[in-house]
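Please look through the structure below before reading my notes. They are meant to be read with the model open.

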Amino acid sequence: MTEQTPTPDQQAEAAPEAQAETQEMSLEQRFQLLAEELNTMRDKWLRAEAETQNVRARAAREVTDARAYAVQKFAADVVEAAENLRRGLAALPASSEAEPELLTKLRGGFEGVEKSFWVILERNGVSRKDPSGEAFNPELHQAMAEQPAPEGVAPGTVIQAWSAAWTLNGRLLKPAMVVVAAGEAKPDAA
């Protein structure tokens with residue numbers, strides 16, 4: 001079996017056919033490359049669009065947080081004043097029938113100021129919560145002491161609050177200082 005070499009006439013006839021096939025392949029390849037490039041660009045565009053939306057959402061959230069918590073340091077200082085006012089009222093002698101009229105008026109005036117002060121604080125997002133009787137929550141309470149649990153009180157319950165928990169728009173300003181009920185001492189296993 002011998003291979004025949006094409007004659008020049010045969011080569012001339014095959015040349016346009018081969019060129020068309022080569023041209024067709026290159027158009028197909030070109031189309032494939034353009035389709036891949038389109039998909040790549042579409043993917044990049046979608047990712048850039050998603051990132052832009054994330055940046056906008058993050059910026060909006062930061063602006064909202066800045067508005068809500070810009071006064072946090074000031075609010076913490078005002079809370080101290082509110083607690084001092086409460087301590088001052090608690091230091092007054094108990095009300096009685098025989099107390100001087102001046103003391104009654106002072107007490108009433110200070111209580112009115114305190115109520116007005118609390119309304120202003122609440123209107124501006126500052127709230128006070130007395131934790132007495134609640135389960136100890138380390139995110140809201142600071143345990144100052146631990147005492148044996150009284151009868152009927154579960155261990156880990158706040159049995160006394162030295163001060164209330166204060167929040168600004170749900171964010172903790174000042175934890176409550178509390179006394180927590182301790183569990184029973186377990187006897188040593190010998």
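The numbered points below go from the overall layout to single residues.

1. Start with confidence. This is a predicted model, and its average pLDDT is 85, with 83% of the residues scoring at least 70. The exception to mention is the stretch 185-190, where the pLDDT is below 50 and where the model shows zero contacts beyond near neighbours in sequence. Where pLDDT is low, the predicted coordinates should not be read in detail.

2. Next, the layout. The protein has three helices and six strands. Read from the N terminus, the order is α-α-α-β-β-β-β-β-β. Of its 190 residues, 17% count as buried. Among contacts with a separation of 6 or more, 65% join residues that are 24 or more positions apart.

3. Which residues form the largest nonpolar core? There are 11 of them: Tyr69, Ala75, Val78, Val79, Ala82, Leu121, Val126, Ala164, Trp166, Leu168 and Leu173. Two elements, α2 (72-91) and β4 (165-168), give two or more residues each to this core. The helix α2 gives the most, with four residues. A second, separate core has five residues, including Ala165, Ala176, Val178 and Val180.

4. Leucine 168 is a useful place to look at the packing of the largest core, of which Leu168 is a member. Apart from neighbours within four places in sequence, leucine 168 is in contact with Ala68, Tyr69, Val71, Gln72, Ala75, Asn124, Gly125, Val126 and Leu173. Leu168 also belongs to the lining of the largest pocket.

5. The largest pocket holds about 180 Å³ of space. Its lining consists of Ala68, Val71, Phe74, Ala75, Val78, Phe117, Ile120, Leu121, Asn124, Val126, Leu168 and Asn169. Both α2 and α3 (101-123) supply at least two of these residues. By class, the lining has 10 nonpolar residues, two polar ones and no charged ones.

6. The second largest pocket holds about 160 Å³ of space. Ala82, Glu83, Arg86, Arg87, Trp118, Arg128, Asp130, Ala161, Trp162, Ser163, Ala164 and Trp166 line this pocket. The largest share of the lining, four residues, comes from α2. How many charged residues does this lining have? There are five, together with six nonpolar residues and one polar residue.

7. Histidine 141 lies in strand β2. Is histidine 141 buried or exposed? Its relative accessible area is 5%, and buried means under 20%, so histidine 141 is buried. Leaving out neighbours within four places in sequence, histidine 141 is in contact with Pro131, Glu134, Ala135, Phe136, Val158, Pro175, Ala176 and Val178. Of these contacts, Ala176 and Val178 are members of the second core.

8. Methionine 144 is found in strand β2, which covers residues 141-148. Its relative accessible area is 37%; the range for partly exposed lies between 20% and 50%, so methionine 144 is partly exposed. Not counting residues up to four places away in sequence, methionine 144 touches Trp162, Met177 and Val178. Methionine 144 and tryptophan 162 are 18 residues apart along the chain, and their C-alpha atoms are separated by 8.6 Å. Trp162 is also one of the residues that line the second largest pocket.

Key:
Residues are numbered from 1 along each chain as its sequence is written. This is a predicted model: local features need pLDDT of at least 70, side-chain atom pairs count only at pLDDT 80 or more; totals for chains, interfaces and linings use all residues. Side-chain values use heavy atoms; hydrogens and water are left out. A nonpolar core is a set of buried Ala, Val, Leu, Ile, Met, Phe, Trp, Tyr and Cys residues joined through side-chain atoms within 4.5 Å. Buried means under 20% relative accessible area, exposed over 50%, partly exposed in between (1.4 Å probe, protein chains only). Contact means heavy atoms within 4.5 Å. On a 1 Å grid over the protein atoms alone, a cavity is a set of points where a 1.4 Å probe fits but cannot get out, and a pocket is an open set with protein on both sides within 12 Å along at least five of seven lines; lining residues have an atom within 4 Å of a point. Grid points are joined across faces, edges and corners, and a volume is the space filled by probe spheres set on the points. Ala, Val, Leu, Ile, Met, Phe, Trp, Tyr, Cys and Pro count as nonpolar, Asp, Glu, Lys and Arg as charged, and the others, Gly among them, as polar. pLDDT is the predictor's confidence in each residue, from 0 to 100.
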